[in-house]
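Student: Please give me a close look at one part of this model, the largest pocket. I would like to know what lines it, and then how the rest of the model can be read around it.

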Amino acid sequence: MSRGTLAFVGGGEFSAGCDFDAGLLAESAAREVVVLPTATAYENPARLRSRATEWFSALGVGCRWLDVYRRADADDPSAAAAVADAAVIYLTGGSPLHARSTLLRTAVWEALVAASEGGATVVGSGAGGNVLCDHMVDVRGGAFTLGLGLTDDLAMISRADTLSAERIARTVRLAPAGLLVAAVAERSALIHRPDGSWEAVGDVTLYRNGAPIDVDALEAS
């Protein structure tokens, strides 16, 4: 497990209701957020960039947007250096499969892992949260595939408020024994801090071994 804070946002990043961002920024003492929009490559990243810039400006910090959309971008030394030096790294939503194939075994990903191990906060929204997990939920059907493996503590069902109960139940049913599954709605978050504590903000439902559990039941690890 990484040493920095990990935050899994259900989606709807950089918009009203994501009040947990202010707390994460305060805890990290960051002056700038480095944004990795890799998963958003085919979903008008320019529009999201504008929203991110306005959002973080309102929170009193800068926004460094890295145009990492292809594997060549993810091996760019300047992009990797920006990630390595970041106090907060934010992965946006979109396609988790594209994010995985683009970032896997690249300089940017290695820099992110090292930054997280050094105490940086890593936030993943939607696909950006899914891909951080070793057990990644495949958005095409709700089964599991391999993610990038920053954490093996949980799997996230993103945008859970837009999915049917049957879809969520299928993922929960297919989860390996003992794996924590977090169904996280848009503008909600599950946060895991370096001391092993967990915090659920907004609409978050947790499951283990096929049954719902309360966040207070999670053991520090």
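**The largest pocket and its surroundings**

Tutor: Helix H2 gives three residues to the lining of the largest pocket, the largest share from any element. The model is a predicted one. H2 covers 45-58, and it is joined by helix H7 (127-130) and helix H8 (165-174) as elements that each supply at least two lining residues. The pocket holds about 550 Å³ of space. Its lining is made up of 29 residues, and those nearest the centre are Glu43, Gly93, Gly94, Arg159 and Glu186. By class, the lining has 13 polar, nine charged and seven nonpolar residues. Of the residues nearest the centre, Glu43, Arg159 and Glu186 count as charged, because Glu and Arg belong to that class. Gly93 and Gly94 go with the polar residues, because Gly is placed in that class.

The loop that runs from strand E2 (32-36) to H2 contains Thr38. Is Thr38 buried or exposed? Thr38 has a relative accessibility of 2%, so it counts as buried, the limit being under 20%. A polar atom of the Thr38 side chain lies 2.8 Å from the backbone oxygen of Val68. Val68 is also among the residues in contact with Thr38 once neighbours within four places in sequence are left aside; the others are Tyr69, Thr92, His98, Ala99, Thr102 and Leu103.

E2 also contains Glu32. Glu32 is partly exposed because its relative accessible area is 37%, which falls between the limits of 20% and 50%. Beyond four places in sequence, Glu32 touches Val61, Gly62, Cys63, Arg64 and Val88.

Val88 leads to the enclosed space, as Val88 is one of the residues lining the largest cavity. The whole structure has two cavities of 30 Å³ or more. The largest cavity holds about 40 Å³. Helix H1 (20-28) and strand E4 (88-91) are the elements that give two or more residues to its lining. H1 gives the largest share, three residues. In full, the lining of the largest cavity consists of Asp21, Leu24, Leu25, Val33, Phe56, Val88, Tyr90 and Val123. Seven of these residues are nonpolar and one is charged, with no polar residue. The charged residue is Asp21, because Asp is in the charged class.

The second largest cavity holds about 30 Å³. Its lining consists of Val172, Ala175, Pro176, Leu179, Val181, Tyr207, Arg208, Asn209 and Gly210. Six of them are nonpolar, two polar and one charged. Here the charged residue is Arg208, because Arg is in that class. Ala175, one of the lining residues, offers a distance back to E2: its C-alpha atom is 36 Å from that of Glu32, with the two positions 143 residues apart along the chain.

The charged side chains remain. There are seven salt bridges in the structure. One of them joins Asp138 and Arg140, with an N to O distance of 2.7 Å. Asp138 is buried because its relative accessible area is 11%, whereas Arg140 is exposed, at 65%. Another pairs Arg70 with Asp73, whose closest N and O atoms are 3.4 Å apart. In this pair Arg70 is exposed because its relative accessible area is 54%, and Asp73 counts as buried at 17%.

Glu199 and Arg193 form a further salt bridge, their closest N and O atoms being 2.8 Å apart. Arg193 is buried because its relative accessible area is 19%, under the limit of 20%. Glu199, at 31%, counts as partly exposed. The pair does not stand alone: Glu27 is linked with Arg193 and Glu199 in a network of salt bridges. Glu27 falls within the span of H1 (20-28), the helix that gives the largest share of the lining of the largest cavity.

Definitions and conventions:
Residues are numbered from 1 along each chain as its sequence is written. This is a predicted model: local features need pLDDT of at least 70, side-chain atom pairs count only at pLDDT 80 or more; totals for chains, interfaces and linings use all residues. Side-chain values use heavy atoms; hydrogens and water are left out. On a 1 Å grid over the protein atoms alone, a cavity is a set of points where a 1.4 Å probe fits but cannot get out, and a pocket is an open set with protein on both sides within 12 Å along at least five of seven lines; lining residues have an atom within 4 Å of a point. Grid points are joined across faces, edges and corners, and a volume is the space filled by probe spheres set on the points. Helices (H or I, at least four residues) and strands (E, at least two) are DSSP runs, numbered from the N terminus. Buried means under 20% relative accessible area, exposed over 50%, partly exposed in between (1.4 Å probe, protein chains only). A polar contact is a pair of N or O atoms within 3.5 Å; within protein, one must be able to donate a hydrogen and the other to accept it, and residues adjacent in sequence count only if both atoms are side-chain atoms. Contact means heavy atoms within 4.5 Å. A salt bridge is a side-chain nitrogen of Lys or Arg within 4 Å of a carboxyl oxygen of Asp or Glu.
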